[in-house]
Amino acid sequence: MSKDRNDDRSARDSHYASLRRQHRDKKRERGEIPTPSPKDRRQAAAAQWSPPSLQPDQVFLYGLHTVRAALDNPARTLIKLSVTQNALARLEIDDPGALRCPVEIVQPSDIDKMLGPDAIHQGVMLETRPLPVRKLEALKESPLILVLDQVTDPHNVGAIMRSAVAFAAGAVITTQRHSPTESGVLAKSASGALEMIPYIQVTNLADALGELHKLGFFAIGLDSEGPAAIEGTFSGEKIALVLGSEGKGLRQKTRETVSALARLDMPGEIKSLNVSNAAAIALYATRQFLLSSKG
């Protein structure tokens with residue numbers, strides 16, 4: 001078939017496709033067929049998207065606050081910043097050449113292809129390496145830390161990190177299994193806090209609690225059926241707050257290993273809270289105790 005005939009067929013196909021779209025649009029205007037909602041389009045796009053395979057040392061961070069904090073963190077190894085022109089301005093980067101990694105100007109759709117249509121990336125994506133591993137021994141000078149017993153939802157862990165930074169906790173410790181690894185979802189939920197507090201994953205939580213005891217920490221496990229309110233349970237100059245998973249709470253071995261079990265007293269009809277909310281309240285109460293004990 002000649003090139004001219006190919007061109008004629010292509011032009012004819014495009015013409016008929018345009019006519020079909022116009023006909024469909026007119027039927028939608030008359031209410032004869034429904035108009036797809038943005039949610040429907042997002043769901044269709046999400047169904048067609050498949051995540052790229054990542055290497056173990058490859059992390060993609062996204063969102064303005066998350067990426068800005070990562071760029072400012074000297075401990076973070078940066079690989080490449082992919083950013084729209086608008087997002088670059090919002091990041092307030094005057095000289096992209098001065099960054100510690102290459103910068104690529106892209107379209108939002110380019111980032112969608114990497115992260116998926118549901119990621120609220122705000123036009124910015126940063127490829128990095130995971131943060132350096134921290135040891136428990138490094139926490140001996142901190143008076144307050146958080147320990148999570150198989151909290152699996154990265155959104156909850158990210159929110160807990162934000163509260164931990166707000167109340168000057170020294171670290172968030174969790175298990176290697178049944179806990180989220182460092183990821184874009186976790187970092188986005190933490191809104192920059194991942195860069196500000198050590199996130200330490202341990203193989204055996206009971207052994208880690210034993211090591212914290214040796215470092216002088218009084219470990220309080222939060223339990224809705226705890227024998228006493230948390231306000232009357234505090235002891236010593238260093239506190240490790242231990243919170244259980246979203247559904248099952250603290251595991252039996254963890255309950256046996258903590259220094260004490262305590263509850264958050266709630267006078268209302270609801271007697272349990274989301275783990276991230278419970279963490280924020282417990283952090284506030286612990287910080288108040290530590291301040292008063294110094295006085």
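This tour moves from the whole chain to one helix pair and then to selected aromatic side chains.

**The whole chain**

Begin with the full protein chain, bearing in mind that the model is predicted. Colour by secondary structure: the assignment comes to 10 helices and 10 strands. Colouring by relative accessible area instead shows the buried residues, which make up 42% of the 295 residues in the chain. A contact map adds a further view: among contacts between residues at least 6 apart in sequence, 77% join residues at least 24 apart.

**Helices α6 and α10**

Next, select α6 (154-166) together with α10 (residues 275-294). Two packed helices are described by the angle between their axes and the distance between those axes. Here the angle is about 15° and the axes are 9 Å apart. The two helices, α6 and α10, are therefore roughly parallel to each other; angles under 35 degrees count as such. Viewed as a crossing, α6 passes α10 in the right-handed sense.

To display the interface, show side chains on both helices. From α6, select Asn156, Ala159, Ile160, Ser163 and Ala164. These meet Val275, Ser276, Ala279, Ala280 and Leu283 of α10.

**Aromatic pairs**

How many aromatic pairs does the model contain? The count comes to 2 aromatic pairs.

For one of them, select Phe167 and Tyr284, whose rings are arranged edge-to-face, 6.2 Å centre to centre with 75° between the planes. Phe167 belongs to the loop between α6 and β6 (172-175), whereas Tyr284 is in helix α10. The pair links distant parts of the chain, with the two positions 117 residues apart in sequence. Phe167 is partly exposed, at a relative accessible area of 23%. Tyr284 is also partly exposed, at 47%.

Now move to Phe234 and Phe289, a stacked pair with 5.0 Å centre to centre and 20° between the planes. Phe234 lies in the loop between β8 (218-222) and β9 (239-244) and Phe289 in helix α10, so this pair ties together parts that are 55 residues apart in sequence. Is Phe234 buried or exposed? Phe234 is buried, with a relative accessible area of 12%.

**A lysine over a ring**

For the last stop, select Phe217 and Lys238. Lys238 lies over the face of Phe217, at 5.5 Å from the ring centre.

**Saved view**

To keep a single view of helix α10, retain its contacts with α6, Tyr284 with its partner Phe167, and Phe289 with its partner Phe234.

Key:
Residues are numbered from 1 along each chain as its sequence is written. This is a predicted model: local features need pLDDT of at least 70, side-chain atom pairs count only at pLDDT 80 or more; totals for chains, interfaces and linings use all residues. Side-chain values use heavy atoms; hydrogens and water are left out. Rings of Phe, Tyr and Trp (its six-membered ring) pair if their centres lie within 6.5 Å; planes under 30 degrees apart count as stacked, over 60 as edge-to-face and the rest as tilted. Helices (H or I, at least four residues) and strands (E, at least two) are DSSP runs, numbered from the N terminus. Buried means under 20% relative accessible area, exposed over 50%, partly exposed in between (1.4 Å probe, protein chains only). A charge sits over a ring if NZ of Lys or CZ of Arg is within 6 Å of the ring centre and within 35 degrees of the ring normal. Axes are lines fitted to C-alpha atoms, for helices over the stretch in contact, and angles run from 0 to 180 degrees between N-to-C directions. Angles under 35 degrees count as roughly parallel, over 145 as roughly antiparallel, 65 to 115 as roughly perpendicular and the rest as oblique. A crossing is left-handed if the near helix is turned anticlockwise from the far one by less than a right angle, and right-handed if clockwise. Contact means heavy atoms within 4.5 Å.
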